[in-house]
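This report describes a structure with attention to how its chains meet and to the local geometry of the backbone. Please read it alongside the sequence and the structure shown here.

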Amino acid sequence: MAAQATQPQTFAASGAVENKSKPMRNSLWWDAYRRLKKNKVAVVSFFVICVYVLIALGAATGLLYPNVALGTPADQYLPYSWSHPFGTDVLGRDVLARAVHGTATALSVGLVASGISLVIGLTLGAIAGFYGGKVDSAVVWLYTTIDSIPYILLIPSLTFVLGRGLINVYIALGVTSWVTLARLIRGEFLKHKDRDYVAAANVMGASDARKIFRHIMPNVTHIAFVQFGLGFVSAIKLEVILSYLGVGVDVSTPSWGIMIDDAKLELARPFWGNLMAATIFMFGLILSFNLFNDALRESLDPKLKNK
Amino acid sequence: MAAYIVRRILYVIPILFGITVITFILFNMLMGDPATRFAGKHATKEQVEVVRAELGLDKPLPIQYINYVKQIATFDYGRSWSTKQKVSTMVADGFGPTLCVTVVPFVASIIFCVGLALIAAYYRGTIFDKGIVITCLGLMSISSVVYVVVLPNWLAFQAGLFPISGWDPSWTDRWQYLILPWIILFVLSLGPTILFYRSVIMDEAFQDYVRTARAKGVSSQGVFLRHILKNAMIPIITMVVIEIPFLITGSVLIENFFGIPGIGGLVFKALNESDFPVIKATTVMMSIAYMVFNLISDVLYSVVDPRIKLS
């Protein structure tokens, strides 16, 4: 009797939930998404980042300025005009076109380099934290060692040894920047591997791979997410420095760093086009990425918000 | 604590081994045949073989590694490929100019940034604080190479306040060339340093002891100077000590732009001229210096904050 009496009640309760327009999802990610949506700075900077992505895609697919490398020497150093908003450079190429194609280079460096460091950092950090013992010591030794070599020497040495070029910049930045992520992920895995839910998975006969990827990993991906954003920004900044110093991408690859290097000798003419274009493009991207990163970190860790 | 310090010092040995292994892999295994690069494009096969034997690259890798470690232990990296000077002398000569460039803006930036961060944290949430944060983010969004290119143009080329570039070997006459690099390094450090110190101080501002101090009637200035700043000093000191090795590596960008004959300028010149022994020597020596300073900072940290233990 009692059981029968309660049944209609539960039906009514579930009906009440369905009557609401949408069920509230309460995962960390939905919470973060809701907080992000309310943050105007985050929304605007996300929009700006999207514009940059569109510009980069346009440049990469050849929709925007397909003839970026072509210029007539007769058009050398044309002043600012409607057809050349930043003027033309020493070879008569449109500076805006170079900056637009530089966006594609910069975003690809950010994406690939921090992608490489994400894969290495997540894998090594997870393995070290989960297995502990000798594996852990080996990974800690490896990242402490890499951390002991000043990156300002390690990265140029790497590109020097590998040779100039976009692919080598990806590799050099990727294999040197995973240390912080690995350290953080290792710490989280050390904490999580002794929690009850992992013990429960163990009792149910889950394999190590399943415990690492299916059970623990979802609890630490927010750290990887934030680190990916930070790595993205620093990879873009480092590529500009490397290319400026002449150990980055090839001279033929459009890059903000190479534009600033060109500008070094052009400021005395005075021709500011290269410098202005590269600086403005980079400023918008880095600023909106930094603001978005901050908002993301805040939304994933609400405790920070009161500070 | 003594046990911790001993363990931390012993940990130097595997790291030192790691540095030699990684740089060995980098320079002796990944590097596409240094002998061909050294002998030049037009060398005959026999000439390349002679060079290879001279550089010891014809021996098996384990022997090469042992020779490499010997080089590091004796500070004898041979002679530069481009200037034929002894590499160890070149590096030793670079220390003076580099430290001249880096020390002054380093100290100035710590004092200025900690001060400003304290004020910003004290007035947190106000327009003043927000203005500082936004300015810092803005400064950080401009590539450091832009500062290096633009500030000399404005201050030296257009305003004529300083000589654009140059160097004087005598200590008394070199200062006129140093002011501009100092200004640039100082400006470059502002954004990240202020934001870092501000967040460190803010972390402390929400601790329980702050509430206790306020509750027992300490004024808010008193809390800031006597309680918060004292506790924030621990991460601040760590940060400062960790940055010290960068005083030696200097700024590759600045030294390259101004033609200052320091370590950074040396590295950059070596990269451009494929001067292999110099690149190798600076990388290894700087890594060891960096490691030593990390050690010092860890030991200092454990002295200042007894809660720290090596896990």
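## The contact between the chains

Two residues are said to be in contact if their C-beta atoms, placed from the backbone, lie within 7 Å. The model discussed here is a predicted one. In the contact between the two chains, 37 residues come from chain A and 40 residues come from chain B. On the side of chain A that touches chain B, the elements that give two or more residues are helix H5 (133-148), helix H6 (151-162), helix H10 (208-245), helix H11 (256-266) and helix H12 (273-300) of chain A.

What is the chemical character of the residues on the side of chain A that touches chain B? They divide into 26 nonpolar, eight polar and three charged residues.

## The fold of chain B

The secondary structure of chain B consists of 14 helices and zero strands. Read from the N terminus, its elements therefore follow the order α-α-α-α-α-α-α-α-α-α-α-α-α-α, where helices are runs assigned by DSSP. The C-alpha trace of chain B spans about 85 × 60 × 35 Å along its principal axes.

Chain B has 311 residues, and buried residues make up 31% of them. Among the contacts in chain B with a separation of 6 or more, 68% are accounted for by residues 24 or more positions apart.

## A cis peptide bond in chain A

Most residues other than glycine have a negative phi, and most peptide bonds are trans. Against this background, one bond in chain A deserves attention. A cis peptide bond joins A:Arg269 and A:Pro270, with omega at about 0 degrees. Of these two residues, A:Pro270 is found in the loop between H11 and H12 of chain A. Both of those helices also appear among the elements that give two or more residues to the side of chain A that touches chain B.

## Positive phi values in chain B

Where in chain B does B:Phe75 lie? B:Phe75 is placed in the loop between helix H5 (61-74) and helix H6 (87-122) of chain B. Although B:Phe75 is not a glycine, its phi is positive, at about 55 degrees. The loop between H5 and H6 of chain B also holds B:Lys84. For B:Lys84, a residue other than glycine, phi is likewise positive, near 65 degrees.

Are these residues buried, partly exposed or exposed? B:Phe75 counts as partly exposed because 14 other C-beta atoms lie within 10 Å, a number between the limits of 12 or fewer for exposed and 20 or more for buried. B:Lys84 is exposed, because 7 other C-beta atoms lie within 10 Å.

Key
Residues numbered from 1 in each chain as written. Chains lettered and ligands numbered in written order. Predicted model: local features only at pLDDT ≥ 70, side-chain atom pairs only at ≥ 80, totals over all residues. Helix = DSSP H or I, 4+ residues; strand = E, 2+ residues; numbered from the N terminus. Nonpolar A, V, L, I, M, F, W, Y, C, P; charged D, E, K, R; others polar.
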